[in-house]
Amino acid sequence: MKSFFKKIVQFFLKLFTKITLWRHKPYVIAVSGSTNKTTIKDYILKFLREKYPPSPRLRRAGGEYENVRGNPKSYNTEIGLPLAILYLESGDSSAMKWLKVLTRAKMIALFSRKFPKKLVLELGVEEKGDMKPLLEMVSPKVAIITNIEGSYTYSNSSLEQIFNEMKLLVEKIPENGHVLLNWDDERVKSLAEFARAKVITYGFSEGADARVKNLKTDAQGQTFDFEFGGEKESVRIKKYGRHFVSAWMAAKVVKSIL
Amino acid sequence: MSDDKIINLSPIKEMELRASRIPGVVSLAQGVPSFDTPEAVKRAAIEAIERGKVAKYSLAPGTLEFRETIAQNLERENKFFDFESEIIATAGSIEAITATLLAILEPGDEVLIPDPTYTSYQATIKVARGAPVFVPLDEENRWSFDIEKFERLITPRTKAFLFCNPNNPTGTIFTRNQLHALAQLAIKHNLYILSDEVYKDFVFDSDERLYSLGELRGIRDRLVYIFSFSKAYAMTGWRIAYLATHQKLAKKILAVHDALVTCAPVVSQYAGMAALELANEDVLKFKEYFQKRRDLTCKRLDKLSHVFEYQKPDSSYFVFPKIKDGILKKVASDGGSWEFAIQLLEKAKVATVPGVAFGPSGENHIRMCFGRSEEDINIAFDRLEKFF
């Protein structure tokens, strides 16, 4: 019964999401991969909001009416993604709450007048078959693939399955779009051959289109040099960890191409 | 083996064992919350089991998703760690502490611990062939640190300072200034600091977040930040915690952790991830309950003012009342808190933990846990009132 109800919720959420996206046609930037999606999404949101600041009126109205919006709370699955797009809270385990969510989703789909111009969406993929339903809802113009890594000590086929899921996303990006690939990850690197869109690679390794060099850590955070498109920039971020640098780099590339 | 190297069963567990043999005992001894694990956490664990994700070892430091979620949560608290190389999921905080001490201590090295503090710290230091050295807290000043006393106890063998903030059993929150003074001492004398912040979410009478040394960038190469899901998310049985530290030290600790447990229980890693993502409202609810129970416990202690004097705890779920001299001598033939607690257990059928278990300064005190239900607290105090 529970799973039947879940299927109904999924069906209608998907339907209302598709109607909403068809009506408003936002520019969708998709972030996918095993880890680091949220940090990349957050940096992209930060950079794009700097580049496309909301009018004072929109700013007063709050998140729901921003020019650029991302998944709240990393909602990124078949049920989570529609909630992210429609900017709705989960109904958790309450059937009543889910009915309210669906009612609100219907109102947004049919009557909403304002909608963000750009959506930055995490696409959560854990196993075979996860990507297809997500791509049935959204048609991204930009895709960023962070990495394809496992959490277990044994070798298994699951990483190859994730690779195939990522391939679906890369193939979906149209010719006038962009695919950003993490050059430090061998599996991600090899996705380039499946892209119709322009591929931009980023990473710490030699050969990346956008590259970080001279990464140093001190008491204030991390410093590094960023090279992209013939330009060089010295950067300081206050956070520790290579993943922040990697995320910063990917977001910076997105900012420069939009 | 000399006495100071012998590892005994924790007095808290010993008291619980004794209590379990006496029918009808109400226990205020072990620090176990009365609540069940939040529903969302249980559901996530069941889903992970059903999806076949938990049967095999994870990577030694834990699944990437769990560590990434931890890093994101730490970031919200102004603590920045690299989830790939600086965070390790552990089988409870005690494993995090043991693995760290085994990684940094040479036999005979000294580790400073507050007096009084959590009983098992002494045992973990001994497991790592180190020597615990007590630094008395200042009871007159709400059990705060006396930094001068602290520095006087540092010797060439001192390797680390291990403490719990907020402190168990006193419920003390160490101030920002005290923590900074500790950090300066650690830099001056080249010491590691192990900061166990298991009770960080239960700070009463304030909406302010607990200040942590994990936020201090200047000591990140010598700090090990430790957090357990046991208390905040009512998950004591899941045995899941994590540590965060600079990557160089993390690498050393990881080797020990791998040798000890291979990896933290994978099902518990999924549960921990769900706790961080979905159970924050439950934590706030628990905190409200604990605050009410603290107030109830203090109210009931007020009625026993001829027996105990106490300081209202600012945090955790423990109160650490001092037993008045006359009463102590009357109840305990040897005049100690151990005998006193045994008498309470056997005659009043109320289990508590003798203060001496937490260090010499804890003598003449007992620890009472108000993590238990209001009903248990009321029954326990009814019995104590009758007994005294």
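Student: What makes chain B a chain with domains, and which stretches belong to each?
Tutor: The domain assignment splits chain B into domain 1 (3-36 + 281-387) and domain 2 (54-279). The bounds come from an automatic or database domain assignment. This is a predicted model: local features need pLDDT of at least 70, side-chain atom pairs count only at pLDDT 80 or more, and totals for chains, interfaces and linings use all residues. Residues are numbered from 1 along each chain as its sequence is written, while chains are lettered from A and ligands numbered from 1 in the order in which they are written.

Student: How far apart are the centres of the two domains of chain B, and how many residues does each give to the contact?
Tutor: The centres, taken over C-alpha atoms, are 25 Å apart. Domain 1 of chain B brings 34 residues to the contact and domain 2 of chain B brings 31. Contact here means C-beta atoms, placed from the backbone, within 7 Å.

Student: Which element gives the most to the side of domain 1 of chain B that touches domain 2 of chain B?
Tutor: α11(B), with 7 residues. α1 (11-20), α11 (280-302) and β10 (318-319) of chain B each supply at least two residues of that side. Such labels are DSSP runs numbered from the N terminus: helices are H or I of at least four residues, strands E of at least two.

Student: What is the make-up of that side of domain 1 of chain B?
Tutor: 17 residues are nonpolar, 10 polar and 7 charged. Ala, Val, Leu, Ile, Met, Phe, Trp, Tyr, Cys and Pro count as nonpolar; Asp, Glu, Lys and Arg as charged; the others, Gly among them, as polar.

Student: And what does each chain give to the contact between chain B and chain A?
Tutor: Chain B gives 19 residues and chain A gives 16. On chain B's side, helix α3 (residues 64-76) contributes the most, with 5 residues. That side divides into 7 nonpolar, 4 polar and 8 charged.

Student: Why do β2 and β4 of chain B count as edge strands?
Tutor: The open sheet has 7 strands in the order β2-β8-β7-β6-β5-β3-β4 (chain B), with mixed pairing. β2 (87-90) and β4 (131-136) of chain B each have a single partner strand, so one side of each has no neighbour in the sheet. The twist averages 20° from one strand to the next.

Student: How do you know that β5 and β6 of chain B pair, and in which sense?
Tutor: Pairing needs at least two bridges found by DSSP. Strand β5 (residues 158-164) and strand β6 (residues 192-196) of chain B have 5, in the parallel sense, and therefore qualify. Phe161(B) has Ile193(B) as its bridge partner in β6(B).

Student: Which residues have the most contacts inside the largest nonpolar core?
Tutor: Ile193(B) and Ala271(B), in a core of 120 residues. A nonpolar core is a set of buried Ala, Val, Leu, Ile, Met, Phe, Trp, Tyr and Cys residues joined through C-beta atoms within 7 Å. Helix α4 (residues 93-104) of chain B gives the most to this core, with 8 residues. Both domains of chain B supply at least three residues each. Contacts of Ala271(B) beyond four places in sequence include Val41(B), Met235(B) and Trp238(B).

Student: Why is Glu136(A) called exposed or buried?
Tutor: Buried takes 20 or more other C-beta atoms within 10 Å of the residue's own, exposed 12 or fewer, and partly exposed lies in between; the C-beta atoms are placed from the backbone. Glu136(A) has 12 such neighbours, so the verdict is exposed. Glu136(A) sits in helix α6 (residues 131-137) of chain A.

Terms used: Two residues are in contact if their C-beta atoms, placed from the backbone, lie within 7 Å. Axes are lines fitted to C-alpha atoms, for helices over the stretch in contact, and angles run from 0 to 180 degrees between N-to-C directions.
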